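I sat down with this structure and a fresh notebook page. Here is what I looked up, in the order I went through it.

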Amino acid sequence: MNEVIASPAFFIGRGAEAGNLISFGSGQPDLPPPPAAYNVLASYRGFKYGRVQGEETLRQAIAKEYPNATPEQIVVTNGASEAIDLVLRAISVPGGKVALPRPYYYSYPHNVELAGMTPVYYDLVDGKIDFDAFEKVVRGCRAVMINSPSNPTGTVQEVATLKKVEKLCGDLGIYILSDEVYKDLIYVRENYLLTGKRVVTINSFSKTYAMCGFRLGYFHTFDEKLVEDVVEMKSHTSMNTSIGSQAMGLAAMKERDTYVPAHLPIWEERRDLMYKGMCELDLDLWKPEGAFYVFPKFRDATRAMHDLYYNYDVITYDGTWFGAPKRLRFSYALDVAKIEEGLKRVGKFLENEYKTYPA
Ligand SMILES: Cc1ncc(COP(=O)(O)O)c(C=O)c1O
């Protein structure tokens with residue numbers, strides 16, 4: 001009897017090392033980080049506690065990427081994950097609601113609930129925000145989460161819509177948590193940075209610099225009271241973010257202008273291969289505009305994920321985890337040969353087991 005796969009925790013950190021396995025699972029870049037990040041290691045000697053808010057030098061470098069920002073408005077965190085968690089806890093109010101996109105990144109509902117608030121959802125239409133529906137859900141919320149480019153849909157929101165979101169939330173005094181961890185992986189336009197007094201921009205070194213395991217992220221906000229509250233909370237939870245990771249992150253940032261543009265065409269090639277391959281398999285999906293996921297329809301995603309894993313050695317993520325039980329998420333953060341092999345296996349699954357699934 002095969003073990004039931006109940007959550008992403010089953011797959012996180014597994015995959016590449018296991019012989020015949022093709023992992024379309026975890027959303028972590030397979031490409032190496034900038035060489036400067038490694039070069040720090042040989043001479044690295046920092047093992048003491050660091051500043052809870054983050055090392056000054058790193059915050060100075062990050063602040064330069066945000067117009068009118070100062071290092072005091074930035075908090076360096078253990079990945080974007082900790083930034084989301086701490087910010088939600090810091091702004092939590094009794095009975096507070098937080099509007100989330102659906103499909104959503106699988107942690108969001110848990111983060112909101114762990115912060116003592118209640119998730120409510122604005123449903124994306126073909127991966128895009130329907131502003132009228134959004135407006136109805138958002139009124140009365142404490143905060144709203146925006147995630148463009150999106151995990152799991154791979155879609156990028158229209159700039160005009162994002163401006164309307166900024167204006168509405170600004171007028172209503174609602175916090176916008178803008179999760180922009182895929183901001184450097186957009187195939188259709190430049191990133192649009194949401195701004196405003198109550199905007200919290202959440203970011204990460206995990207995707208931009210392929211440093212997931214080093215757990216380095218941060219947020220920026222002009223709301224300095226929120227920064228204070230988060231720093232106070234962080235000094236009683238994780239304390240400082242790993243200072244070794246911060247030293248590597250700072251070194252990586254110095255290579256940003258060569259590293260990021262050199263990698264985008266690699267992602268684009270994979271995106272094209274994956275999208276074309278899935279279309280040839282007659283799967284119904286959106287063409288990704290950013291990030292590195294495709295999210296095709298499957299009649300029973302939970303069953304398909306189990307069949308693909310146990311019968312074809314292919315890891316995929318159940319759409320149910322993202323609020324979309326009729327879709328499977330495939331990450332294309334793997335090389336072209338593996339994508340081709342993975343697509344072949346998916347083709348075999350479609351010809352065999354999937355044909356027997358009830359319509
Ligand atoms: C949309 C989104 N937000 C946040 C995260 C967490 O990123 P980090 O590794 O920086 O904690 C991820 C990771 O996959 C993600 O896809």
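The entries below go from the domains to the core, the ligand shell, the strands and a few single residues.

**Entry 1: domains**

I noted first that the model is predicted. Then I looked up how the chain is divided. Domain 1 covers 8-27 + 257-354, and domain 2 covers 44-254. I checked the spacing of their C-alpha centres and got 26 Å. For the contact, I found 20 residues on the domain 1 side and 21 residues on the domain 2 side.

Which elements give two or more residues to the side of domain 1 that touches domain 2? I found α9 (256-280) and β9 (293-294). The largest share there comes from α9, with 4 residues. I also sorted that side of domain 1 by residue class: 13 are nonpolar, 3 polar and 4 charged.

**Entry 2: the core**

Next I turned to the nonpolar residues. The largest nonpolar core holds 97 residues. Val87, Val98, Val144, Ile176, Leu177, Met211 and Tyr332 have the most contacts inside this core. Helix α3 (residues 79-91) provides the largest share, 8 residues.

Why does this core lie between the two domains? Domain 1 and domain 2 both give residues to the core, so I wrote it down as lying between them. I added a general reminder in the margin: in soluble globular proteins, nonpolar side chains tend to be buried together.

I picked Val98 for a closer look. Leaving out residues up to four places away in sequence, Val98 touches Leu88, Val112, Met117, Pro119, Cys141, Arg142, Ala143 and Met145.

**Entry 3: the ligand shell**

I then listed what surrounds the ligand. There are 13 residues around the ligand, and Gly79, Ala80, Ser81, Ser204 and Ser206 come nearest. Helix α3 turned up again here, giving the most to the shell with 3 residues. By class, I have 4 nonpolar, 8 polar and 1 charged in the shell.

**Entry 4: a sheet of 3 strands**

I followed an open sheet whose 3 strands come in the order β9-β12-β11, with antiparallel pairing. Which are the edge strands? They are β9 and β11 (317-318), as each pairs on one side only.

I went through the pairings one at a time. Strand β12 (residues 328-331) pairs with β9 over 2 bridges in the antiparallel sense. Tyr293 stands opposite Ser331 of β12, and Val294 has Phe330 as its bridge partner in β12. On the other pairing, β11 and β12 are antiparallel and share 2 bridges. Here Asp318 stands opposite Leu328 of β12.

I also looked at which way the residues of β12 point. Leu328 and Phe330 point one way, while Arg329 and Ser331 point the other way, and all are buried. My margin note: in a regular strand the side chains alternate between the two faces of the sheet.

**Entry 5: β6 and its partner**

Is strand β6 (residues 175-179) mostly covered or mostly open? I found β6 mostly covered, with 5 of its 5 residues buried. Tyr175, Leu177 and Asp179 sit on one side, Ile176 and Ser178 on the other, and both faces are covered. Two of these residues, Ile176 and Leu177, are among those with the most contacts in the core.

Strand β5 (residues 143-147) runs parallel to β6, and 5 bridges join them. Within that pairing, Ala143 stands opposite Tyr175. Ala143 was already on my list of residues that Val98 touches.

**Entry 6: single residues**

Is Met1 buried or exposed? Met1 is exposed, because it has 3 other C-beta atoms within 10 Å, and the exposed class takes 12 or fewer. Met1 lies in the segment before β1 (22-23). I took one long distance from there: Met1 and Thr195, 194 residues apart in sequence, are 52 Å apart in space, C-alpha to C-alpha.

I finished with Gly244, which is in helix α8 (residues 243-254). Gly244 counts as partly exposed because it has 17 C-beta neighbours inside 10 Å. Not counting residues up to four places away in sequence, Gly244 touches Tyr44 and Gly46. I also took its C-alpha distance to Asp318: Gly244 and Asp318 are 34 Å apart in space and 74 residues apart in sequence.

How values were computed: Residues are numbered from 1 along each chain as its sequence is written. This is a predicted model: local features need pLDDT of at least 70, side-chain atom pairs count only at pLDDT 80 or more; totals for chains, interfaces and linings use all residues. Domain bounds come from an automatic or database domain assignment. Two residues are in contact if their C-beta atoms, placed from the backbone, lie within 7 Å. Ala, Val, Leu, Ile, Met, Phe, Trp, Tyr, Cys and Pro count as nonpolar, Asp, Glu, Lys and Arg as charged, and the others, Gly among them, as polar. A residue is buried if 20 or more other C-beta atoms lie within 10 Å of its own, exposed if 12 or fewer, and partly exposed in between; C-beta atoms are placed from the backbone. A nonpolar core is a set of buried Ala, Val, Leu, Ile, Met, Phe, Trp, Tyr and Cys residues joined through C-beta atoms within 7 Å. A residue is near a molecule or strand if its C-beta atom, placed from the backbone, lies within 6 Å of it. Two strands pair if DSSP finds at least two bridges between them.
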